[in-house]
Amino acid sequence: MIKHLLSINQLSDRDILRILDTAESFREVGTRVIKKVPALRGRTVVNLFFENSTRTRISFELAAKRLSADVINFSTSGSSVSKGESLKDTALTLQAMGADAIVIRHASSGAPHTLSRWVSASVLNAGDGTHEHPTQALLDLFTIREHIPSFEGLRIAIVGDVRHSRVARSLTFAMRIMGGEVTLVGPPTLIPPEAAGWGAEVSHDLDAVLPKLDVCYMLRVQRERQRQQYFPSVREYSRLFGLTRSRVRGLPEHALIMHPGPMNRGVEIASDVADLPRAVISDQVTNGIAVRMSLLYLVLGGGRASSSEEDSERSEPEVA
Amino acid sequence: MGEPARLLDSGEIRRAVTRIAHEILERNKGAARVVLVGIAARGDDLARRLATEIARIEDHQVPVGVLDITFYRDDIGMRAEAPEVHETRIPFDITGRRVVLVDDVLFTGRTIRAALDALVDFGRPQAIQLAVLVDRGHRELPIRADFVGKNVPTRMDEDVRVLLREVDGEDGVVVVEKGETREREPA
């Protein structure tokens, strides 16, 4: 299917559905007493994290382990990266050690793409700069589909710091591929000028958008953006763009509330709102493991260079 | 190739299922501890038919689960594409039960090997037995069936296809030359 996952835009709607359908089966594995299958036994997955992200790393680690792959965590602190080793040298080292897949998180947009040209391993983008975070978008789609069966015409608002959010980009692209309607909501300073080209609507008035939504997706707001003068104060931000209890009343009955985590309770989302039954935020976390298992399986479960054509041919009919 | 050779027609399949249901009850001294687990796809449909027969004979509804063995295959990474995954649903505890695995065709035995590995991840059955509609020979592993609808000698270059009305719209077992178009991907 695919060798690398660098960007949502490399996927077709059929690819996305295959990833989600395969993830359904892996979710079932997560409900067993023994939450582990031998599918990727003997494969090595490296988590290469140049930026801190405990949640994403743990999710990938658990996904790989539940597939019986061997996992190596390679993070910047305490590694040769802090001694000035370049991305290229790190990549070649991992290559020489026989990594089959490299999951990379990097502060520079495009780092996974560059890495994929240096190594024969599959590269999975776990977030690069302000570019993309494709596995987050896929787990979001999976979570939405648990409640709303079709993406066609589905209306989602992505609210907050769209400008600096790779989640917003990946999710917008993914929803557009699947036929959903996206509205990006936030103060003008936090909506990037290029957003017009994403096929999404833009609004600066959250209250006006709420009544037509199927999904209200809140982005994390980083307080340092205030120092950078993207908005005047956290309090004002939260008054205009925070999802409060009274705003939830403006949402249709069925609408879901989502957040990629970690949340700033009381800033972009009120604490009691985050705990409502329709806030499926912890489902997103659980589903992240199944979706990442699905991706690792689809990327690594295909051909290895030295495949024995005859053998697989022979056992084919009965394995059917 | 012209018309594929038909090994079993719908009446023969029905009688084979009835006989196997009787044999399962005889071997296990009733249905009390029996559970059926069909291997996707088609094994699960056969398992449901067996359950219906057992209910008719014994007036006891045995639980039916469906098992997808994809994650336990021994050839993952040896084909161009990752094998397609089907649903697994075993909504009951198999520990201490007599599990009858159900599949349409027994061939190399590799599917059953994978299914045995998968089952023990769900619990510790008292016994595992195997029921198949067709045993076509050519085993590559030391595996045999406890209940067989029909033994059919085949050549390696032939393909045995079981058609069931639940998925194919009609019942039948046919032999075709390998490489002819299949309605579904082998999984």
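**Notebook: a strand sheet in chain B and a helix pair in chain A**

I began with the strands of chain B and found an open sheet of 3 strands in the order β1-β8-β7, with antiparallel pairing. I note that this is a predicted model.

I then looked up the edges of this sheet. They are β1 (5–8) and β7 (158–163) of chain B, and each of these edge strands pairs on one side only. For the twist, I recorded that neighbouring strands of the sheet are turned by 30° against each other on average, with direction ignored.

Next I examined the pairing of β7(B) with β8 (residues 172–177) of chain B. The two strands run antiparallel and are joined by 6 bridges. For the register, I noted that B:V162 has B:V173 of β8(B) opposite it.

I turned to chain A and its helices α1 (residues 13–29) and α5 (residues 134–147). Their axes come within 10 Å and cross at roughly 65°. I therefore entered α1(A) as roughly perpendicular to α5(A), the class that covers angles of 65 to 115 degrees. I also checked the hand of the crossing of α1(A) and α5(A), which is right-handed.

Which residues make the contact? From α1(A) I listed A:I16, A:I19, A:L20 and A:A23. From α5(A) I listed A:L138, A:L141, A:F142 and A:R145.

Finally, I sorted the contact of α1(A) with α5(A) by class: it has 7 nonpolar residues, no polar residues and 1 charged residue. The charged entry is A:R145, because Arg counts as charged.

Terms used
Residues are numbered from 1 along each chain as its sequence is written. Chains are lettered from A and ligands numbered from 1 in the order in which they are written. This is a predicted model: local features need pLDDT of at least 70, side-chain atom pairs count only at pLDDT 80 or more; totals for chains, interfaces and linings use all residues. Axes are lines fitted to C-alpha atoms, for helices over the stretch in contact, and angles run from 0 to 180 degrees between N-to-C directions. Helices (H or I, at least four residues) and strands (E, at least two) are DSSP runs, numbered from the N terminus. Angles under 35 degrees count as roughly parallel, over 145 as roughly antiparallel, 65 to 115 as roughly perpendicular and the rest as oblique. A crossing is left-handed if the near helix is turned anticlockwise from the far one by less than a right angle, and right-handed if clockwise. Two residues are in contact if their C-beta atoms, placed from the backbone, lie within 7 Å. Two strands pair if DSSP finds at least two bridges between them.
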